[in-house]
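Work through these exercises with the coordinates open. Each task is followed by a solution in steps.

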Amino acid sequence: MKREPKRGLNSLADTDALEDLMRAANRGDSAAYHRLFTAITPVLRKVVRARGAALGHAGCEDVLQDVLLAIHSKRHTWREDAPLRPWLYAIARHKVVDAFRARGRHVAVSIDDFAEGLPATAGPDPMEGRDMDKVLGQLEPRAAEIVRAFGLNGETTAETAARLDMSEGAVRVALHRALKSIARLRERMIE
């Protein structure tokens, strides 16, 4: 004797009823088809969200639509003697995996979610000064002083020469040598 599909089905808990609805839907019963999709959609939404949480709300809804479309288009492949729930869950699981593959290794995060935390405080970068002090610490003291005078304090050649009791030409030569030393140190730091 053929069982009639139950009305008012709200979940996958009553799998016999779902299987009856699927059988009826496959035979062209549009009301059973509607009740089946009404019953399975909330449960499949939970499955997709649990497995695809990193896809975000909109991504999970897209996957759910793919799952429902796959169920619709492949419902004739469901064997009527097999349980329905594993078939539905397998489709959901594969569609989530497909979504992750399509997205690749990139994680899409809206910058609006971090807008409040992004603005940096005004002022010099504290790490920049630390790196410069580290490099200057490896130079001879006079070469480091000349680089500081030009690069950090903005002194002219004449001002530096007067302050260090050197000729302007000697300051330029010392600065050139110091910059070459910094370039070599930088290469070593990168390697």
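The expected span of a helix is 1.5 Å times one less than its number of residues. Keep in mind that the model is predicted.

**Exercise 1. Compare the reach of helix 3 and of helix 4, each with its expected span, and list the buried residues of each.**

Solution.
- Step 1. Helix 3 covers residues 56–74, which is 19 residues.
- Step 2. From first C-alpha to last, helix 3 reaches 26 Å; the expected value is 27 Å, so the two are close by the 1.5 Å rule.
- Step 3. Buried in helix 3 are G59, C60, E61, V63, L64, V67, L68, A70 and I71.
- Step 4. Helix 4 covers residues 84–103 and has 20 residues. Its end-to-end C-alpha reach is 29 Å, close to an expected 28 Å.
- Step 5. Helix 4 buries L84, W87, L88, A90, I91, A92, V96 and A99.
- Step 6. Just past helix 4 comes G104, with a positive phi of about 75 degrees.

**Exercise 2. Describe the overall make-up of the protein: how many helices and strands does it have, and what percentage of its residues is buried?**

Solution.
- Step 1. Count the elements: eight helices, zero strands.
- Step 2. Read them from the N terminus: α-α-α-α-α-α-α-α.
- Step 3. Take burial over the 191 residues: 34% are buried.
- Step 4. Take contacts between residues at least 6 apart in sequence: 53% of them join residues at least 24 apart.

**Exercise 3. Classify D20, D29 and D165 as buried, partly exposed or exposed, and place each one.**

Solution.
- Step 1. D20 sits in helix 1, residues 15–26. Its relative accessibility is 10%, and the cut-off for buried is under 20%, so D20 is buried.
- Step 2. The side chain of D20 makes a polar contact of 2.9 Å with the side chain of R23.
- Step 3. D29 is in the loop between helix 1 and helix 2, the latter spanning 30–51. At 32% relative accessible area, D29 is partly exposed.
- Step 4. A polar atom of the D29 side chain lies 3.1 Å from the backbone nitrogen of A32.
- Step 5. D165 is in the loop between helix 7 and helix 8, the latter spanning 168–190. Its relative accessibility is 74%, and exposed means over 50%, so D165 is exposed.
- Step 6. Check the backbone of D165: phi is near 55 degrees, positive although the residue is not glycine.

**Exercise 4. Place A31, state its exposure, and find the C-alpha separation between A31 and L21.**

Solution.
- Step 1. A31 belongs to helix 2.
- Step 2. Its relative accessibility of 38% makes A31 partly exposed.
- Step 3. A31 and L21 are ten residues apart along the chain, and their C-alpha atoms are 8.9 Å apart.

**Exercise 5. At what angle do helix 6 and helix 7 pack, and which residues make the contact?**

Solution.
- Step 1. Locate the pair: helix 6 is residues 141–152 and helix 7 is residues 157–164.
- Step 2. The angle is about 145 degrees, and the axes lie 10 Å apart.
- Step 3. The crossing of helix 6 and helix 7 is right-handed.
- Step 4. Helix 6 contributes R142, E145, I146, A149 and F150; helix 7 contributes T157, T160, R163 and L164.
- Step 5. Sort the contact of helix 6 with helix 7 by class: four nonpolar, two polar and three charged residues.

Terms used: Residues are numbered from 1 along each chain as its sequence is written. This is a predicted model: local features need pLDDT of at least 70, side-chain atom pairs count only at pLDDT 80 or more; totals for chains, interfaces and linings use all residues. Side-chain values use heavy atoms; hydrogens and water are left out. Helices (H or I, at least four residues) and strands (E, at least two) are DSSP runs, numbered from the N terminus. Buried means under 20% relative accessible area, exposed over 50%, partly exposed in between (1.4 Å probe, protein chains only). A polar contact is a pair of N or O atoms within 3.5 Å; within protein, one must be able to donate a hydrogen and the other to accept it, and residues adjacent in sequence count only if both atoms are side-chain atoms. Axes are lines fitted to C-alpha atoms, for helices over the stretch in contact, and angles run from 0 to 180 degrees between N-to-C directions. A crossing is left-handed if the near helix is turned anticlockwise from the far one by less than a right angle, and right-handed if clockwise. Contact means heavy atoms within 4.5 Å. Ala, Val, Leu, Ile, Met, Phe, Trp, Tyr, Cys and Pro count as nonpolar, Asp, Glu, Lys and Arg as charged, and the others, Gly among them, as polar.
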